[in-house]
Amino acid sequence: MKVKVISRSTDEFTRERSQDLQRVFRNFDPNLRTQEKATEYVRALSAAKLDKIFARPFIGAMDGHIDAVSCMAKNPNHLKGVFSGSMDGDIRLWDLATRRTVCQFPGHQGAVRGLTVSTDGHVLVSCGTDSTVRLWNVPIPSLMASDDSSDNEAKPLAVYVWKNAFWAVDHQWDGELFATAGAQVDIWNHNRSQPVNSFEWGKDTTISLRFNPGEPNILATSASDRSITIYDLRLSSPARKIIMRTKTNSIAWNPMEPMNFTAANEDCNCYSYDARKLDEARCVHKDHVSAVMDIDYSPTGREFVTGSYDRTVRIFQYNGGHSREIYHTKRMQRVFCVKFSCDASYVISGSDDTNLRLWKAKASEQLGVLLPRERKKHEYLEAVKNRYKHLPEVKRIVRHRHLPKAIYKAASLRRIMTEAERKRTERRRAHSAPGMLGRQKFSSICNNQTSHAEVFLFLWELLHHLDTIPFDNICNDSISLTVHASASPCSASRTPEKIPSAMPSGDPADLLQ
Amino acid sequence: MGVKAANVDGINFVPAVEQGVSEEEDMKVKKYLRGEAADLGALQDKKLKGQLAVREELYGKSAQAAAKAEKWLMPSEGGYLEVEGIEKTWRIRQEAIAREVDILSSRKQFDIVLPELGPYTLDLSLSGRYMVAAGRKGHLALLDMKNMDLIKEFQVRETVRDVVFLHNQKLFAAAQKNNIVLRFDFVLLLFQGACSGNLKLGSTNLVLRKGDCMWIINQCKILENKDLVQDLIDVGKSIKFIRNGDFQNPEEHGAAARLQFLNKHFLLTSINKLGQLHFQDITTGEMVGNFRTGLGRSDAMEVNPFNNVTAVGHSGGTVSMWKPTSAAPLVKMLCHRGPVTALAFHSNGHLMATAGMERKIKLWDLRKFEVLQTLPGHAKTMNFSQKGLLATATGSYVQILGDFSGSQEYSRYMGHSMAKGYQIRKVLFRPYEDVLAIGHSMGWSSILIPGSGEPNFDTWVANPFETRKQRNEKEVRSLLDKLPPETIMLDPTKIGSMRPTRKKEHPTKKEREEEKEAAVEGAKSISFKKKTKGRSKSSKVARRSKKL
């Protein structure tokens, strides 16, 4: 007979000295842990509730401008630094950690409309309604940290005066060029006082532009004729154009999928497009109740932030039809510009009330350095919440947001309006002969002659204004028109190839002669 | 030629040991997989299919990792009893086992003889370290089984029918009768086991009796009564607990005959003499469920550890299973031709043992609700061990059955006779130990059953070596993870899964046509009764027939 019974000596299972850690033994047998799913569900529920409790996204306001903030730029080379320009011509460099002005860049006579920083982070480019483009040296971050005085004033590196007021500026990724938007799109070099190239398609003002982060020569612009145009600098002529139902205020490229961009439109929606296939929007992001003024992608490319005329900032998933998050305060007025920070954890908004506001990108995220145990706990709770997110109770808690009364009412009104519109078109289709109201598609119209395209465009405009034909497109709010431009350069004008090197670049008057 | 053949053999040759190892590994992996993988072939949604495939792969990997880690995480081996030659396991007596095992284990064999206040019923804490024993005549004892230490002893001087540990060894509930205040009603009392040290046994008794009154007193607001307030201060902790808990009238439980505690839900379950089932949340005092079973009185109540469904055995031979949120039983099964005397659940929740008065012990498969095996014999009390041994006891004899064929065929494993005349009231396997605790009419005993307990405990589930700090922390954690009573259901793995979309079945065109034709045919055969009062005018009859 052989017998063995379980026998545990206390010494083997307890710690030797009181300074030691307690001994831990594991057994992952499912029979020992019953009701696993119920426990996980309860944890998911409490994680969702905790998220709501800890949702304090607002970090602080940055006060200093004396007029509305019109534009912002983030420094790709320095995490803490963010530039902002205001309607009175003031440009400031902010330190996000201390939320104070580090440096000011005086000089603009009118409103600053565009700000951008070169990819190496050394040069700041600003432009404004005073028809000037100014280049500034960005102060070195190490000095910035030690220097405490806020009235640090910088001198411009160069001032280029041009013929028209500017609306936007953006710098090429990893290059020497930057582009300004105004009466036409001008391509500039740092060292030239005149644009090296300029583009034009139609007579309307270009109001925003953004370089593609993946392909440095591709440029997307939007104009006040409701169009979005894509330019290729190598082609020296516009590449593609679509016309929306309303004006597009801003464009942002997805940094991780650089063929996709999202346009912030006046009609309260954002439209994500594949630049190779402009005949339909990949996704329509709805939730704002007033014009979307600015948009910026997170460096992860998974989400973007929008600022709107309805005084809210929203965060959307790159493929989500509705916003993940809404930020608002009682004091925040119409938001003109928003930026995602370069580490994807903060959002900065600039609004009409002269303040910049700093928000967390994830409302309930714990800031600061996390202990490994804390981090694991957060990860676990996030995972169980994600696992049970489709259950009604968890879903209800996760989805709930407090909205200002005005937004809530406007949203419900908008819902009624869109529903009525949908019903109307449905009924119209039901009561008309088959084929009469076919799906109108203006996609992939290829013209070899741009003039044809323009004629067609005119016709389309006419139709649209008469509103005789109810348009019905797949993206249901936008009508897209694509024109593949020919190789013939008709609207692009080239500036002289060579500028005499002897010419002083600092004197703009000479250049204009 | 021969060399070649040898070579080929060499390639295909897998040593028998390795093959055995891989099979063993597969068995282990299967344990951690928690069931079959989902069938993704039927899915239409490609995106969902991809996501689920990734998840399934992850499950497989984690199960494999857990199986591999077993070697290091679970170093202890289980107990065993091996016989040689013509020896039979059931002939081996406890004395022989005691001679073979180490001195620490042989100390786990003992008999405590307390002839005065028995018969005794027992309960063990989750970790198996603490035991509470309740004599029918009012003796309550709380013991530390590891150190063989009596922690606390009460004499409540009234009938105690059952006793159960709550979420840790600091609290237990006793079903007892209070014949002074509540006049021959049975009440449920909650004790703070091991109260603060300065309390004497006598004062505890006194105060507890006053504590009984407090249910009534609280309602009448007699806190002005100075004597009582002084008493309240005296017992501090235990009274505070009762006050904080704000229990509803414990009389509602009535003459509680059996008690059970659902430790994940913090629900105290009781069945009383009248066959009423009560579920009370002990953290809020709320009576979650109060159901009349209507199936006769019952002496057996057990909780299925897998899904926390409460099973009650009735005098009519039925076993009913209950959840606290529905007034009708989930399952009502006729198990025996006589009263059900005992019930037990296997820890995997698929196997139930019932014993009836008609000398039968039946093993049921709870997935199919079918009898697996019927054994002859009485059983007053039964219990499954963690490793699946079944202890049955009647009179003064305990029999241990085991499933050694692997096909759920239980056969004799061991037996133990107490001294003649002892009436066994309760048998309980100690978790994480190879020990069977027996409560009987003359006290309580403990015997060694090799191979009954799980050799490896998990510190976060039940820790026999728990320190005070760990216990406090665990209490908070378990309160945070307290499950709502709605999560008790027959299949707890259903939680979080979606109800399959029920497709509305439209009849096909052919079916519709056929239905129409059948209706027409049916209508043709209808002969209308001739009605008088001017309806039988020839013109009208003609018109009517035309309509048809």
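Before anything else, a word on terms: helices (H or I, at least four residues) and strands (E, at least two) are runs assigned by DSSP, numbered from the N terminus. Keep in mind, too, that this is a predicted model.

Let's start with the repeats. An unreviewed UniProt entry lists residues 62-104, 105-146, 285-326 and 328-369 of chain A under "repeat: WD". Here is how two of those spans look in the model:

| Span (chain A) | Helix | Strand | Distance between end C-alpha atoms |
|---|---|---|---|
| residues 62-104 | 0% | 53% | 14 Å |
| residues 285-326 | 0% | 55% | 13 Å |

Now for a sheet in chain A. Its four strands run in the order β3-β4-β5-β6, forming an open sheet with antiparallel pairing. At the edges sit β3 (69-74) and β6 (100-104) of chain A, each with a pairing on one side only. On average, neighbouring strands here are turned by 30° against each other, ignoring direction. In general, strands of a sheet pair through backbone hydrogen bonds, in a parallel or an antiparallel way.

Zoom in on one pair: β4 (residues 81-86) and β5 (residues 91-95) of chain A are joined antiparallel over five bridges. Take Gly81(A), whose bridge partner in β5(A) is Asp95(A).

Over in chain B, have a look at Arg292(B), which belongs to strand β13 (residues 287-292) of that chain. Is Arg292(B) buried or exposed? Arg292(B) counts as exposed because it has 10 C-beta neighbours inside 10 Å, and the cut-off for exposed is 12 or fewer. Leaving out neighbours within four places in sequence, Arg292(B) is in contact with Gly275(B) and Gln276(B). Ala327(B) is 35 residues away from Arg292(B) in sequence, with 7.9 Å between their C-alpha atoms.

How values were computed
Residues are numbered from 1 along each chain as its sequence is written. Chains are lettered from A and ligands numbered from 1 in the order in which they are written. This is a predicted model: local features need pLDDT of at least 70, side-chain atom pairs count only at pLDDT 80 or more; totals for chains, interfaces and linings use all residues. Two strands pair if DSSP finds at least two bridges between them. Axes are lines fitted to C-alpha atoms, for helices over the stretch in contact, and angles run from 0 to 180 degrees between N-to-C directions. A residue is buried if 20 or more other C-beta atoms lie within 10 Å of its own, exposed if 12 or fewer, and partly exposed in between; C-beta atoms are placed from the backbone. Two residues are in contact if their C-beta atoms, placed from the backbone, lie within 7 Å. UniProt positions are given in the numbering used here, feature names are shortened, and annotations may be inferred rather than shown by experiment.
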